[in-house]
Amino acid sequence: MSGSYFPKWRLRSSADDGQGAVIAADERLPAPQTLAMGVQHVVAMFGSTVLAPLLMGFDPNVAILMSGVGTLLFFLLVGGRVPSYLGSSFSFIGLVIAVTGYAGQGANANLGVALGGIIACGAVYLLIGLLVGVVGTRWIENLMPPVVTGAVVAVIGLNLAPIAVKGVSANTFDAWMALVTVLCVGLVAVFTRGMLQRLLILVGLLLAYVIYAVLTNGAGWGKPIDFSAVAAAAWFGVPHFSTPVFQGSAMALLAPVAIILVAENLGHIKAVSAMTGQNLDRYIGRAFVGDGLATMVSGSVGGTGVTTYAENIGVMAVTKIYSTLVFVVAAVIAILLGFSPKFGALILTIPGAVLGGVSIVVFGLITVSGARIWVENKVDFSNNTNLIVAAVTLVLGAGDFTLKLGGFALGGIGTATFGAIILHALLKRRS
């Protein structure tokens, strides 16, 4: 990489882009391919970025908009060196519901209280990033070595898996369509070549969407796709922004989520480092600052807390395209879509079975990315410390083990993250 703040992205021509060719972070594809990859990353992040705000009573259009803004902030802070997309974090869900008393339907009446807590979390996260920038990453790595970060990344996929599966289990037709969607993605991944193969998530989703429409709207086998809301929606509209309320108790409960975000981000950077063969450790502090700042900005207008997205790392793992310019394109698309009610209505026409099938693939790729951290860092599972830490972490997260202390509830991702850190700290002295 060059010595300048931003890399000088070298163009890789279509002739260079053979099957399995790696496009590095400081390289770029021709504009049409970059645009197509940006769209695929938007598709990959969309389900989770929309689902998280819906579960907390946030406006999903604001979440989409701020995911794009946050990704651009992250890009600027890391100097375009770390390929990553920032989307809605699931780590906030349990605590946001606890502090707001959200009943699970419609808008969250106490949204402002949650936003104040999200901003507090972002501030703590930013301070951790500044500390890492001053003293380095060794203390973070001692606290969260590869066995911990790999387990936390894998747990995110395992913890999200039931959401995808339950979403397609309502009836037999949906369950079969989810499997058809998985098959579509798999067929594109294995039997196509070039950019078509690189766009496996997007192309697989479109194929499954068409099959679903033919079987339902055409043959009348299941619930047909209703396009009336798309026709009625405006092309452009400002989403509903909200103002934060700074309540001490809510801020105290949500601020510690920063530790989970640190573990997620560190694991994601290690995963990308392993996949690209480039050491990105010197950008970890800046990445934390960028993610923390993005979380604060998002919370200040009504958006969710954000985190680097394993969904998009999963896409990078199978496409081998790590160009950071792809994420700039994805961010700009997300910002534009955040201001388009018509797009929101169109996305809502994607059948739950199809979205669930894609989620099964993407969440599985997240889980495997965690395992890849173990493999690339040669984690020794003959060491009982590593064995116990990984085993307990995976089960806590996959089982969504929740701890409650009064009004405080720590969900599966949280208990798994803190459990992995604490277990490793306690057991490594005896290994």
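In this predicted model, the count of disulfides comes to zero under the rule that two cysteine sulfur atoms must lie within 2.5 Å of each other. A disulfide is a covalent bond between the sulfur atoms of two cysteines. Among the cysteines, Cys121 counts as buried because its relative accessibility is 0%, under the 20% limit, and Cys184 is likewise buried, with a relative accessible area of 8%.

The nonpolar interior can be described next. The largest nonpolar core has 106 residues, and those with the most contacts inside it are Phe58, Phe92, Ile140, Met144, Val148, Ile201 and Phe288. Helix H12, which spans residues 257–276, supplies the largest share of this core, namely 11 residues. For Ile201, once its neighbours within four places in sequence are left aside, the residues in contact are Gln40, Val43, Val185, Val315, Val358, Val361 and Val362.

Turning to the aromatic rings, the structure holds seven aromatic pairs, and two of them are set out below.

| Aromatic pair | Geometry | Centre to centre | Angle between the planes |
|---|---|---|---|
| Tyr5 and Phe6 | edge-to-face | 5.0 Å | 90° |
| Phe236 and Phe339 | stacked | 5.9 Å | 20° |

The pair formed by Tyr5 and Phe6 is edge-to-face because its interplanar angle of 90° is over the 60 degrees that this class requires. Tyr5 counts as partly exposed, with a relative accessibility of 42%, and Phe6 also counts as partly exposed, at 31%. Ring pairs join Tyr5 and Phe6 with Trp9 and Phe75 into a cluster.

The pair of Phe236 and Phe339 is stacked, since the 20° between its planes falls under the 30 degrees that define this class. Phe236 lies in the loop between helix H10 (228–232) and helix H11 (248–254), while Phe339 lies in the loop between helix H15 (324–338) and helix H16 (341–347), so that the pair ties together parts that are 103 residues apart in sequence. As for accessibility, Phe236 counts as exposed because its value of 59% is over the 50% limit, whereas Phe339 is partly exposed, with a relative accessible area of 25%.

A charged side chain also meets an aromatic ring in this model: Lys342 lies over the face of Trp235, at 5.0 Å from the ring centre.

How values were computed. Residues are numbered from 1 along each chain as its sequence is written. This is a predicted model: local features need pLDDT of at least 70, side-chain atom pairs count only at pLDDT 80 or more; totals for chains, interfaces and linings use all residues. Side-chain values use heavy atoms; hydrogens and water are left out. Rings of Phe, Tyr and Trp (its six-membered ring) pair if their centres lie within 6.5 Å; planes under 30 degrees apart count as stacked, over 60 as edge-to-face and the rest as tilted. Buried means under 20% relative accessible area, exposed over 50%, partly exposed in between (1.4 Å probe, protein chains only). Helices (H or I, at least four residues) and strands (E, at least two) are DSSP runs, numbered from the N terminus. A charge sits over a ring if NZ of Lys or CZ of Arg is within 6 Å of the ring centre and within 35 degrees of the ring normal. A nonpolar core is a set of buried Ala, Val, Leu, Ile, Met, Phe, Trp, Tyr and Cys residues joined through side-chain atoms within 4.5 Å. Contact means heavy atoms within 4.5 Å.
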